[in-house]
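Reader: Before I rely on any label attached to this model, I would like to hear the reasoning behind it. Could we go through the labels one at a time?

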Amino acid sequence: RISHDGSRIAFVSNLNYPVVNAAPLSNADNTREVFLAEVGGTVKFVQVSNTTTGSTGEPAINGDGTRVT
């Protein structure tokens, strides 16, 4: 999902990304997690969820990209 202004993208992935809220990588267990990519210049990834089992659904993002559900 993309915010209305195109500055943020919420998505689900089971890959490791270099995120700003974990070092050096997140999602070491390769479960489906929700991420937020802040675009513009250097892309910054933020891991929004942190699950160990189960399933993560598709995220929704509000218009200005400040809330992911």
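Author: We can start with S49, bearing in mind that the model is a predicted one. S49 has a relative accessible area of 15%, and S49 is placed in the segment after β3 (44–47).

Reader: Why is S49 called buried or exposed on the strength of that value?

Author: The term buried applies under 20% relative accessible area, and S49 stands at 15%, so S49 is buried. Leaving aside residues up to four places away in sequence, S49 touches E33, V34 and T56.

Reader: What makes the approach of S49 and E33 a polar contact?

Author: The side chains of S49 and E33 are joined at 2.6 Å, and the cut-off for such a pair of N or O atoms is 3.5 Å, so the distance falls within the limit.

Reader: How do you know which pairing the strands of the sheet have, and in what order they come?

Author: The sheet is open, with three strands in the order β1-β2-β3 and antiparallel pairing. Because β1 (8–13) and β3 each have a single partner strand, they stand at the edges, and one side of each is left without a neighbour in the sheet. On average, and with direction ignored, neighbouring strands of this sheet are turned by 25° against each other.

Reader: What makes β1 and β2 count as paired strands?

Author: At least two bridges are needed for a pair, and β1 and β2 are joined by six, so the requirement is met. Among these bridges, I9 has A37 as its partner in β2, while S13 has E33. Between β2 and β3 there are four bridges, again with an antiparallel run, and one of the partnerships is that of E38 with K44 in β3. In the hairpin of β2 and β3, where five residues lie between the strands, G40 takes a positive phi near 120°.

Reader: Why is β2 described as mostly covered?

Author: Five of the six residues of β2 are buried. E38, which lies in this strand (residues 33–38), has 26% relative accessibility, and because the partly exposed range runs from 20% to 50%, E38 counts as partly exposed.

Reader: How do you know that R8 and E38 meet in a salt bridge?

Author: The N to O distance between their side chains is 3.9 Å, and the cut-off is 4 Å, so the pair qualifies. R8 belongs to strand β1 and E38 to strand β2, 30 residues apart, and the pair thus links distant parts of the chain. R8, with a relative accessible area of 23%, is partly exposed.

Reader: Which other residues meet in a salt bridge, given a count of two?

Author: E58 and R32 do, with their side chains at 3.6 Å, N to O. E58 sits in the segment after β3 and R32 in the loop between β1 and β2, 26 residues apart. With 55% relative accessible area, E58 passes the 50% mark and is therefore exposed, whereas R32, at 38%, counts as partly exposed.

Reader: Why is the ring pair of F11 and Y17 called edge-to-face?

Author: There are five aromatic pairs in the structure. In this one the ring centres are 5.6 Å apart and the planes stand at 85°; since pairing requires centres within 6.5 Å and edge-to-face requires an angle over 60 degrees, the pair is edge-to-face. Both F11 and Y17 are buried, and ring pairs link them with F35 and F45 into a cluster.

Notes. Residues are numbered from 1 along each chain as its sequence is written. This is a predicted model: local features need pLDDT of at least 70, side-chain atom pairs count only at pLDDT 80 or more; totals for chains, interfaces and linings use all residues. Side-chain values use heavy atoms; hydrogens and water are left out. Rings of Phe, Tyr and Trp (its six-membered ring) pair if their centres lie within 6.5 Å; planes under 30 degrees apart count as stacked, over 60 as edge-to-face and the rest as tilted. Buried means under 20% relative accessible area, exposed over 50%, partly exposed in between (1.4 Å probe, protein chains only). Helices (H or I, at least four residues) and strands (E, at least two) are DSSP runs, numbered from the N terminus. A polar contact is a pair of N or O atoms within 3.5 Å; within protein, one must be able to donate a hydrogen and the other to accept it, and residues adjacent in sequence count only if both atoms are side-chain atoms. Contact means heavy atoms within 4.5 Å. Axes are lines fitted to C-alpha atoms, for helices over the stretch in contact, and angles run from 0 to 180 degrees between N-to-C directions.
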